[in-house]
Amino acid sequence: MRCYASSVIVNLCRSPLISFLYERGWRQNFSRSGFPGPDEEFRMAQEYFKPAEGGLLVDVSCGSGLFSRKFAKSGTYSEVVALDFSENMLRQCYDFIKADGTISEENLALVRADVSRLPFASGSVDAVHAGAALHCWPAPSNAVSYHAILL
């Protein structure tokens, strides 16, 4: 059975307008839904990912790369992959990286891929981050099971 709500969200997030507005206002409103805010979310993720320090971190459904950029800037991981299905979200991520000027592109890659068909071999990923993304996935339990194989 196809999840039409997820399909609508995926198509909405592929929109250039939504991609532009995501980090410029939309994401900030997540705190109204119980999210602690980007800085605290990042701190919590860093604590959780301590065993993956020095390894490969994949930020799945990264959107405009808010957390991908934070992970890359931290220098904690050998490589960070900012992965999203939306070309426009990845374009926004790229624009934010260029505008920042302090993020090294040597350890940050932008990849367009489907969340349930990631381009990594089994056991090749040290950590998978998916902040506020599961609601966008057509089959979250299938994707999470698949991600576990990558770790």
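This talk goes through one predicted protein model, from its confidence and fold to its sheet, helices, salt bridges and a few single residues.

First, the conventions. Since the model is predicted, local features need pLDDT of at least 70 and side-chain atom pairs count only at pLDDT 80 or more, while totals for chains, interfaces and linings use all residues. Residues are numbered from 1 along each chain as its sequence is written, and side-chain values use heavy atoms, with hydrogens and water left out.

Confidence. pLDDT is the predictor's confidence in each residue, on a scale from 0 to 100. The mean for the protein chain is 83, and 79% of its residues reach 70 or more. Over residues 1-5 the value is below 50, and that stretch has 2 contacts in the model beyond near neighbours in sequence. Contact here means heavy atoms within 4.5 Å.

Now the fold. The protein chain has 6 helices and 4 strands; these are DSSP runs numbered from the N terminus, with helices being H or I of at least four residues and strands being E of at least two. Along the sequence the pattern reads α-α-α-β-α-β-α-β-β-α. Of the contacts in the protein chain with a separation of 6 or more, 71% are between residues 24 or more positions apart.

As for burial, 43% of the 151 residues are buried. Buried means under 20% relative accessible area, exposed means over 50%, and partly exposed lies in between, with a 1.4 Å probe and protein chains only. The protein chain exposes about 8100 Å², and carbon and sulfur atoms supply 56% of that area. Areas come from the Shrake-Rupley method with a 1.4 Å probe, and for residues only the protein chains shown count as cover.

On to the sheet. In what order do the strands of the open sheet lie? The order is β3-β2-β1-β4, 4 strands with parallel pairing. Two strands pair if DSSP finds at least two bridges between them. The edges are β3 (108-112) and β4 (127-129), each of which pairs on one side only. From one strand to the next, the twist averages 20°. Strand β1, residues 56-60, pairs with strand β2, residues 79-84, in the parallel sense over 5 bridges. Within that pairing, Leu56 has Glu79 of β2 as its bridge partner.

Two helices lie across this sheet. Helix α4 crosses β1, β2, β3 and β4, and runs at about 175° to β2. Helix α5, residues 87-100, lies across β2 and β3, at about 165° to β3. For these angles, axes are lines fitted to C-alpha atoms, for helices over the stretch in contact, and angles run from 0 to 180 degrees between N-to-C directions. In α4, the buried residues are Leu66, Phe67, Ser68, Arg69, Phe71 and Ala72. Just after α4, Gly75 takes a positive phi of about 70°.

Salt bridges next. The criterion is a side-chain nitrogen of Lys or Arg within 4 Å of a carboxyl oxygen of Asp or Glu. The whole structure has 7 of them, and I will show three.

Asp39 and Lys70 meet at 2.9 Å, N to O. The pair links distant parts of the chain, with Asp39 in helix α3 (residues 38-48) and Lys70 in helix α4 (residues 66-74), 31 residues apart. Asp39 is exposed at 56% relative accessible area, whereas Lys70 is partly exposed at 23%.

Glu40 bridges to Arg43, with the closest N and O atoms 2.7 Å apart. These two are separated by about one helical turn, because they sit 3 residues apart in helix α3. Glu40 is partly exposed at 31%, and Arg43 is partly exposed at 44%.

The third pair is Glu53 and Lys50, at 3.8 Å, N to O. Glu53 is partly exposed at 46%, as is Lys50 at 45%.

Finally, two loop residues. Most residues other than glycine have a negative phi. Ser61, in the loop between β1 and α4, has a positive phi near 55°. Ser61 is partly exposed, with a relative accessible area of 22%.

Ala130 is in the loop between β4 and α6 (140-150), and is partly exposed at 24%. Which residues does Ala130 contact, leaving aside its neighbours within four places in sequence? They are Val60 and Trp137. Ala130 and Val58 are 72 residues apart in sequence, and their C-alpha atoms are 8.5 Å apart in space.
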